Amino acid sequence: MLSRIKQLLLLTETDLNSSSVTLLQQSVLRIILSSGLLLVLSIVLHSSWQAYQINAWYIIAITTVFYIALLLALYFSSRLLSVSKTLLLVIIFGAGLCMLFFIDNFELSKLGLLFVYTAPLIALLFFNARVTLAVMLLNFIPYLFLLYSTAPINLFNFSITLPATPIYLHSLLFLFFNLCIPLAVMRVFSTLKRNALTLGQQNQLISQSNQLYQDIFNQRSKASLLLSVNGDIIKANNKARQVLRSITAEQRNITDLLHTTSAPQTAFWQGHDIECMLTTEPGIHVLLNHMCTIEQQHHLVQLDDITPLKQLHQKLASNHQKQDLWRNYDDLTNLPNPSFFLQLVKQHADSGGLMVIIRLCHIKAFNQQHGYHTGDELLAAFASQLKAVLPENVIAARLRGVKFALWRPLSGGSTSLTTEASRLVSFLPQQLALSVGTINPVFEAGISISGRQHASVEQTLEQCESALEQADAYNCPLSFFQPDTLQQRNAELQLLSEFKTALQHNTPELWLQPKVKPDGVIESFEALLRWQQTDGSYAPPEKVVALAEQYGLIAQLSSHVLHKAIAIIKRFHQHKLHYAIAINLTGSDLLAAPFYNELVHIATHQPTLLQQLTLELTENSIAKHQQPLFDKLHALKRLGYTLALDDFGTGQASLSMLNKLPVDTVKLDRSFLLNVPGDPRQTQLVQSVMLMTKALKLRLVIEGVETEVQQRFLSSLGAEQLQGYWFSKPKPVAYWLVHFSQQKSEESAAENAT
């Protein structure tokens, strides 16, 4: 019954969420008419009975006509809305005028004019502003009549006054003003509130999407412009403003800032490898590349400042290396690239020399704090100061990223490799003046010797790389090559190479370890990497992850883990299993744009997956990156991801940081459970963490439960969720599918037995 009434009055959930104005007017009209018909019915019947007793047939006719008019208005509301709403307005005026003209009690007849005063509100609900203003002006006539008339109008010389007429009129006005109109306005306000809420949610999503776009665009390491079809600069990142020497680039057209003679001026920004010059500073050369065309025919353009390379080109105009300039020199630092560096060393290394690889430390954190353009500024300033102070016999180069190489011939009077290395390292800049302030660079160095009587130049470079891996910026910044470290590094590189191949063939798997309630009931799983090598053994996951992170493979690995986890969730769904799967990530994963964009894409296109997907980040990886990572985590939280802080208590996260993190779950590291419950201090520490997480309204997972005693003890403390070998070691997905299948069979058998 209730559902039919909702359908009649257009109050179903679909109707309420509709943005159609016509549907809203139909609903409001039906509410007024339906409530009016029901409420007036008793008045019509009673007045007709009284009129029948005194043979006042005209009263019965008048009330019947009005009631039929209301029925017709309700009937036409679904087919001819314009007729229905016009008829309602006519009924209101007609009812008011009947009261005024045909009731001989002047005090009662004036109530009809009050009824007419509702006409502007009805016109406002169903008509435009002009009709509403016309009705408002029309109401001045009855208003003036009330002011200046002292007697009723006896237009047709008959009266419709009945003994109960005062009750009828007051009841009619009460019902109309107190029920019909408020219910109709309530329907309008309900729709407005719903639309406002929907609009607010859409604005929030748009704001979040725009924030993500701004984040991705501004963090591009290359100077980037977003241009309109006419070349107007819609958006310029910080690097682009620096290249264009303009902080107001977004208020100008690209033709105002750049010009070119090597291509037509018309739409030159849509070309590739276009050499341009700044209009305000013709000596500044810029290489322009059109990257792609996006929606609304906007163009994404990338800029490179090639002024230093052009200057080098001019200096080497008479040199035979001119043709190889672009290929042999790094475009950011203007230093020789690795291959050219090796050529130069081979030309001068007949008598042996000292080679050093220098790695600048903490550059990733510096980039995240100040932006990649400032990181590029740091590298360029470091190279510039280094070149200015190096002796002529020292060859410097940029290898890749934040690594630089130095080579100098061994002096005849050299007595110590350490002395020679220290002398070479002393040329490194100790202080750099940048746009963000002055910094003191921190470095690590790997050192080895090249020459005929020693290893080849290529081998020496490899030895330096091996030595560099053993260096520590604070405890041992200078590390000398040792043969055994090279063997270890070669073994790691071999393992890494095999793992890359395994990733290409999608062979690394995820095994699942359950997270359970204190009574052992499984609530969710943690996905752990397992890779079986060709000899049948499983590579240590910690070593594989460490190598992947060390050699820049971590984002690819995390992407593999993410897609494997999603596949497991979908496979579980096929078996009607709905357990959450947690995957382990590092802070650097989320700061890698491709992987972060994958997470955003999943949240946008497959939002239902987020209910069964948890992202676990280690405490140290979060503490290392601080604010840039916090912003990403908050964005992912808004998108709907469940976040967990892993290995809590072993890293550098402070309580204030924990309060800022948008995490839902904290996982206490297994090391806290080694001597529980035997060690009172450890036991008290676990209890403190439980109280703290409860106060912060965070879910706590206690890892490393390996004995029944620990399970019972933690259960007595009120632990929510446990994980450890006591319940299960990590096992393949197939095992768990069989396990749950058998569990269902046993439960069915038990039910049948009872």
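Let's start with the open sheet: six strands, running in the order β2-β1-β6-β5-β4-β3, with antiparallel pairing. β2 (233-236) and β3 (258-259) sit at the edges with a single partner strand each, so one side of each has no neighbour in the sheet. Keep in mind as you look around that this is a predicted model. Strands of a sheet are held to one another through backbone hydrogen bonds, in either a parallel or an antiparallel arrangement. At the β3 edge, the partner is strand β4 (residues 274-278), and the two pair in the antiparallel sense over two bridges. If you want to find that pairing on screen, look for H259, which stands opposite M277 in β4. C276 is worth a click too: its relative accessible area is 1%, so the residue counts as buried.

While we're on cysteines, C464 is also buried, at 0% relative accessibility. How many disulfides does a search of the whole structure find? Zero.

Now move along to strand β9 (residues 403-409). Six of its seven residues are buried, so this strand is mostly covered. Which strands pair with β9? One is β7 (residues 353-360), in the antiparallel sense and over seven bridges. Another is β8 (residues 395-400), again antiparallel, over five bridges. You can check the register with a residue pair for each: R359 has K403 of β9 as its bridge partner, and I395 has W407 of β9. β8 and β9 make a hairpin with two residues between the strands, and there G401 takes a positive phi near 55 degrees. As a reminder when you inspect strands like these, side chains in a regular strand alternate between the two faces of the sheet.

Positive phi turns up at residues that aren't glycine, too. R245 has a phi of about 55 degrees, and this arginine is found in the loop between α12 (238-244) and α13 (254-257). Its relative accessibility is 39%, so R245 counts as partly exposed. D647 is another non-glycine with a positive phi of about 55 degrees, but its setting is strand β18 (residues 642-648). At 23% relative accessibility, D647 is likewise partly exposed. One more backbone feature to look for is the cis peptide bond joining V676 and P677, with omega at about 10 degrees. P677 lies in the loop between β19 (665-668) and α29 (680-695).

On to the aromatics. There are 16 aromatic pairs in the structure. Take W511 and Y538: their ring centres are 5.4 Å apart and their planes meet at 65 degrees, so this pair is edge-to-face. W511 belongs to strand β14 (residues 509-516), while Y538 is in the loop between β15 (522-530) and α22 (541-550), so the pair ties together parts that are 27 residues apart in sequence. Y538 isn't hidden away: its relative accessible area is 40%, which makes this tyrosine partly exposed. Elsewhere, F525, F572, Y579, Y735, W736 and F740 come together as one aromatic cluster. Two lysines also have rings under them. K85 lies over the face of F127, at 5.2 Å from the ring centre, and the charged end of K632 sits over the ring of Y596, 5.1 Å from its centre.

Next, a couple of residues whose neighbours in space are distant in sequence. I103 is found in the loop between α5 (81-102) and α6 (106-109), and with a relative accessible area of 3% this isoleucine is buried. I103 and I160 are 57 residues apart in sequence, yet the C-alpha atoms are 5.6 Å apart. H563, in helix α23 (residues 554-574), has 42% relative accessibility and so counts as partly exposed. From H563 to E598 is 35 residues in sequence and 9.9 Å in space, C-alpha to C-alpha.

Finally, step back to the whole protein. The secondary structure comes to 31 helices and 21 strands, and buried residues account for 48% of the 754 residues. Of the contacts between residues at least 6 apart in sequence, 61% join residues at least 24 apart. The exposed area is about 38400 Å², with carbon and sulfur atoms supplying 57% of it.

Notes. Residues are numbered from 1 along each chain as its sequence is written. This is a predicted model: local features need pLDDT of at least 70, side-chain atom pairs count only at pLDDT 80 or more; totals for chains, interfaces and linings use all residues. Side-chain values use heavy atoms; hydrogens and water are left out. Helices (H or I, at least four residues) and strands (E, at least two) are DSSP runs, numbered from the N terminus. Buried means under 20% relative accessible area, exposed over 50%, partly exposed in between (1.4 Å probe, protein chains only). Contact means heavy atoms within 4.5 Å. Accessible areas come from the Shrake-Rupley method with a 1.4 Å probe; for residues, only the protein chains shown count as cover. A disulfide is a pair of cysteine sulfur atoms within 2.5 Å. Two strands pair if DSSP finds at least two bridges between them. Rings of Phe, Tyr and Trp (its six-membered ring) pair if their centres lie within 6.5 Å; planes under 30 degrees apart count as stacked, over 60 as edge-to-face and the rest as tilted. A charge sits over a ring if NZ of Lys or CZ of Arg is within 6 Å of the ring centre and within 35 degrees of the ring normal.
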